[in-house]
Each structure stands twice: as structure tokens, then as C-alpha cells.
Amino acid sequence: MRMKIDTKLIKAMTWAALLAASQLPAIAASQVLASIGAMQVTSDELNAAIASSPFSTQFAAMNEDDQAGLRGDMLRRLVASRLLTLEAQRLGLDKSSDYRQDIENFRLGLVYRHYMDKLRERIVVPPDTLAEMKQQMKGDADGLAAAKAAYISNQYKLLKQTTLENLKNQDHVVLHEERIKPGIKPDTVLMEGKSFHIKYADIVNPREHSTLPNPEWIKEQLYKRGELLLIANAADKLGVDVSGKLKQYQKERLPALMLETKTREWISSEKTLHDWFDKHPEVATIPERRHIGQLVVATRKEAEALRARILKGESLFTLAGQYSIDPLGRKQNGDIGWLVAGRGMPELDRASAKLEDGKVSDVIETRAGFHLLTVLERQPMSRKTYAGVRDRIAQLIINEKLPPYLGDLERRYKVSWNVIQARDDSAQKVLKQ
Amino acid sequence: MFRSGTLSFLFVAAVLAAGTTVAGVSLAAESIPARTPPQAAGAMNPPAGPPDTAWSREAFSLPGLDGVKHTLAEWKGKVIMLNFWATWCPSCQTEISDFIAFQEEYRAQGLQVVGLGLDVEQKLRNVQRTLEINYPILVADPARHANLIRQWGNSSGVIPYTVVIDREGQIIYTHRGPLHRDAFDENVLPLLSGKH
């Protein structure tokens, strides 16, 4: 955990310093911010990545230094992604049949959606129906928009159905549902037309299903695949161009595939996870939590006097409300809420660990003053099961392995940065936050 | 045939409209009613007596990000889009990108977008800088001005919310949720063609 924070801080410092002067809205022309072998990351790409990130809304409301820190972090990710792409290409992952199949499926999906969008765009609400809707909705803009959407959606369903029927007839599509039975082979053809055929292996992955799945489920996959291929085929005949989106997908898919490949190498079996768990049992520990009351004053003498009053029966909380030098503590009458064991001031952590519930502690000296504590109640330490932390372990292993791996790649492929050096103090500000 | 079609689209419309209300973001502490009453042209009931215009309402005076106090009356004679928003609201930011384009395109015809930011000044300033907002932003502390949005006809407090005021000060249209190009074309554009 601590290591993660340190890495974050170092990143924030380095990259805030490098990027403080860059701005989000694209300057006239896109600049190359980094080159990685023959690849690049441009300022436009960085801006697009930020705009499509989950923090894009907060980003706009951040101060310049914080924005610079985040831009730096994002640039680092984009460079890492390029490094993974280059490595994937070197290893020929982009030539593998799995990758090609993946890209082709994505392409089919794109042309399918394009065709269907065009189909939907052709539907207009007839003027008299529209007039009727406006009358019914009496100027309720949300309602009118929803009514239009509902009308179009209904019409679209009908149009889609007739379009599919026509395409099926044109292609003379034949279904072989009766072949879905035990003993089916990967290359058993389940649907065929003039321009395509669907085999069992196209819809059911034998690696995921060793036995025959529910036939109804298989049929559903079959119809879906059939619809996809028929429509995509019709779209291809019209010459639909999806190369832009496809390129973008390939750009994202290849580094992800490289990372998946490396992850399978790092976590080769369940045993890897178990071994790591055995070595790091603390990963499953939920530390003890203590509900603490506290009184803090400036001198030991004062603290001892108050302790004596508490022992005679006065309430620590009432006294804290009157005498505590900590303004928040005074305001809350000494109730400082639940503290997690192992965090906060070590002197107080140690004292509260061994203090019996409901008793007042001895006077404890810290840099903040002289404290008296009491523990109202505690939730004991507990442990999660292996199953409960399995995913977290996998992530921790990746976190551990990825930085050195990317370091190796950075040495293999020359990375050069074209970012503006900012003043040191801006990085310092980011560090403090 | 048409009759049943009408019924079904009305039913779906009601469901969808309730959905869009919930999808908005409420500034109000109380819960949003499942179906808020329609807000649109003339939806705000004019009180008996003098006509209800933007100028007959209680005026607000709020600091702008330019450091000067502003009242809405400064823009009398223009077609005003008074837009209630906050920096934490994603659909507000999406809409602002469109508003920047509208302001740029229709400035000469007298369009004046006025952003009313229900948020902390520094955050509003950051968004103004980041998105390069080209119209005035007034700062309204949400704790002190929680009622402002209600006074302008939005009982649920859902943002984004936009009030369209014509050159005579008539409140022509109010819009909850992001105001996109089609709503702009239908409700604001016609007001811009008639010169004052």
C-alpha cells in the first residue's frame, strides 16, 4: 500500500513538473509530446484520452497544477500503451488468429451498427402524428422528446424485422437447429446462406464449454450471429467505411492483449496467487477499529489533574468539551470517532491498543500535547478469506511486475519526451495535496 | 390504428420523461418527485396584476468571475439564456460546450448566454479557463442561493436548467436537463431573427 502511494507521489512530482505549462484546449496544432520508437503521443491524443476518462468532469474544475499532474499521469499511461504495442508487434501478437478474429468481430459489429443507424435515421415522425404529440404534450419538452423517441423505436423494430426477413430470403438462409445435440463437432454447420455459414465453433468456445450448453442458449447465439453476419454483409455491399473506428480499436486492443499475455505469464496458475497470499497474509487482514474518546491539554500537570477528576467520576467527554486544546475535539466533546489500528499517532495507537474498554488511560505525551484516552468500543481485527482477496492479489501482483517490465521496454524502444519544464514549486504544490 | 399508437407512445413517453428527470442532478436536499410538472413556454403562472417578465421579478445581484457585480437587467434587450449549472455536473459541462458555440455563432444577433454557477468560485474559474467559456459566469453560493433556481421556475432544483428570456423580458421557455441543438433551434433561434 505504502509503495503504491510513494510511486504515485513520485509520478505526480515528475509529471507535474514536466507538463505544468501545457493546456487542455488544443493549441492551433497538435504537438508531439513523446515519441516511442516510431510511434508518438500527441497533445490531441492526450486531450482526447482525458476527455474520455472517468475524471473528465472533475478535471475541468481542477487547478492548473493538479491538471498538470493528471495530464502527466495520463501521458505516462499512453506511452506505456505504445511500448506494449511495439512489444506486441515484435512478438507477432497482431498476427495471431485470436487477435485477427477479435478485430474481425469488432469490425462486423461496427458495420452492423452503422447499417442499423442508417435504418433508424430513415424513420421520420409523420407531420400529423407530430402535431398530435405536440397537442398531447402541451409544450412539455421532455415528454415530447420521449414520445418521438418511442414512436421511432416502435417503427424501427418493425423495419428491422422486415429488413432481416428480406436479407434472409435473398441469401436463401437455411437453419440446421436439429444438429444441436450431444456429439456435435466444432465444424458442424448450423446456419448457411449463399454468402456465409455459421459453424458450432463460431458461436460456442470449446475452451469455455466442455459439455453441450443449453440448446436454447446455443440457438440464441446462432440467431444473433446470423443477424450480425447478414446485416454486416449487406453493409459491406454498400461499402460502409469504419476504418477510423476500427483503427482506434486496434490501437487499444493490441496493448491490452500484450498486457493480458504478460499477466498470464506472471500469474500462470492459481498456485501463483496462493503462494503470494501465503507470503503476504496481511493482505487479508482487516485491522481492529476503536471508537476513541480523547482529551488533550498543554501540560502534564493539567492532564494529571483532569485524570484525577475522571477517576473520581467526572466524564472525560464533558471535560474534553471544556478543556481540550484541540478545537475539533472540544467541539465534539472529545468524541473523535473510529480509528483504525496502526494509523494515526503511534503513541496513541499503542496506548489505545492495550487500554481496557471504558477505562481512562495514563497521561500520554505526543508532539500535540498531553492526552487522556478512553476506548468506547472496538471492532476486533478480522481476516478475509482467500476468495475474498483473490482479485486484489492478482492486481497487486500486476502492480508489482508491471513497472519493471515497462522499464525493460523503455530501454528496448527509445522513448524521448517533448514536454515543457515547469517551475519546481508547482510540483511541490501537487505533492502537498 | 393511430389511436392505439398514440396511447402507447404516451405511456412510453411518461416513463421516459420520468427517467430523464431522475437522470438529471438535483441540488435540492429533498427527494425529486417521480414526475415533476411540465415546464415550458408559459408554464410559470403569471401572477394577477402586472405581467410576469424577467424584469418584474425580484432582481438578483451576483458577483461575476470578472470581479464585478452583475444583475440580469444589464442584458435587457438581448435574448438571454440564463443557465444554472455546477462544476460537478457532467451534463452541465457537455451543454456548456454547445453554449459556447451558440454564443460565438449568434452574438451579433443579440444572443447572451449567462451562466449562473451554483458552486465554489475557484472551481467555476477553473472550468471557465479549461473550457474557454466565452460568456459571463455569475457566482451563486449554493448554500445562500439555493432558492434562486426555484424562483426561476424549477421547483425540483435539478440542474442543468436554462431559462430563455426574449428581448422584452418575457420568459419564453424553460428547460431542465442539457439543452441541445434541436431545442435551441426550436425555442431560441426564432427569437433571434426579430431585431429589437
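Student: In which helix of chain A does A:Leu257 lie?
Tutor: This is a predicted model in which local features need pLDDT of at least 70, side-chain atom pairs count only at pLDDT 80 or more, and totals for chains, interfaces and linings use all residues; side-chain values use heavy atoms, with hydrogens and water left out. Residues are numbered from 1 along each chain as its sequence is written, while chains are lettered from A and ligands numbered from 1 in the order in which they are written. Helices are DSSP runs of H or I with at least four residues, strands are runs of E with at least two, and both are numbered from the N terminus. On that basis, A:Leu257 lies in helix H10.

Student: Is A:Leu257 buried or exposed?
Tutor: With a 1.4 Å probe and protein chains only, buried means under 20% relative accessible area, exposed over 50%, and partly exposed in between. The relative accessible area of A:Leu257 is 14%, so this residue is buried.

Student: Which residues does A:Leu257 touch, not counting residues up to four places away in sequence?
Tutor: A contact requires heavy atoms within 4.5 Å. A:Asp98 is 159 residues from A:Leu257 in sequence, yet their C-alpha atoms are 10.0 Å apart in space. With residues up to four places away in sequence left out, A:Leu257 touches A:Leu93 and A:Tyr99.

Student: How is H4(A) oriented to H10(A)?
Tutor: Axes are lines fitted to C-alpha atoms, for helices over the stretch in contact, and angles run from 0 to 180 degrees between N-to-C directions. H4(A) and H10(A) (residues 243-266) pack with their axes 8 Å apart, at an angle of about 75°. Angles under 35 degrees count as roughly parallel, over 145 as roughly antiparallel, 65 to 115 as roughly perpendicular and the rest as oblique. H4(A) is therefore, with respect to H10(A), roughly perpendicular.

Student: Which helix of chain A gives the most residues to the largest nonpolar core?
Tutor: A nonpolar core is a set of buried Ala, Val, Leu, Ile, Met, Phe, Trp, Tyr and Cys residues joined through side-chain atoms within 4.5 Å. The largest one has 76 residues, of which A:Ile36, A:Val79, A:Leu190 and A:Ile393 touch the most other members. With 10 residues, the helix of chain A that gives the most to this core is H4 (residues 64-90).

Student: Between which domains of chain A does this core lie?
Tutor: Domain bounds come from an automatic or database domain assignment. Residues of this core come from both domains, so the core lies between domain 1 (2-90 + 418-432) and domain 2 (97-249).

Student: How are H12(A) and H13(A) oriented to each other?
Tutor: Helix H12 (residues 300-311) and helix H13 (residues 316-323) of chain A have axes 10 Å apart and an angle of about 150°. A:Leu306, A:Arg309 and A:Ile310 of H12(A) make the contact with A:Leu316, A:Leu319 and A:Tyr323 of H13(A). H12(A) and H13(A) are therefore roughly antiparallel.

Student: Is B:Thr53 buried or exposed?
Tutor: B:Thr53 lies in the loop between strand E1 (25-26) and strand E2 (61-63) of chain B. B:Thr53 touches B:Glu168, B:Gly169 and B:Gln170, with residues up to four places away in sequence not counted. Its relative accessible area is 11%, so B:Thr53 is buried.

Student: What percentage of the residues in chain B is buried?
Tutor: Chain B has six helices and nine strands. Of its 196 residues, the buried part is 48%.
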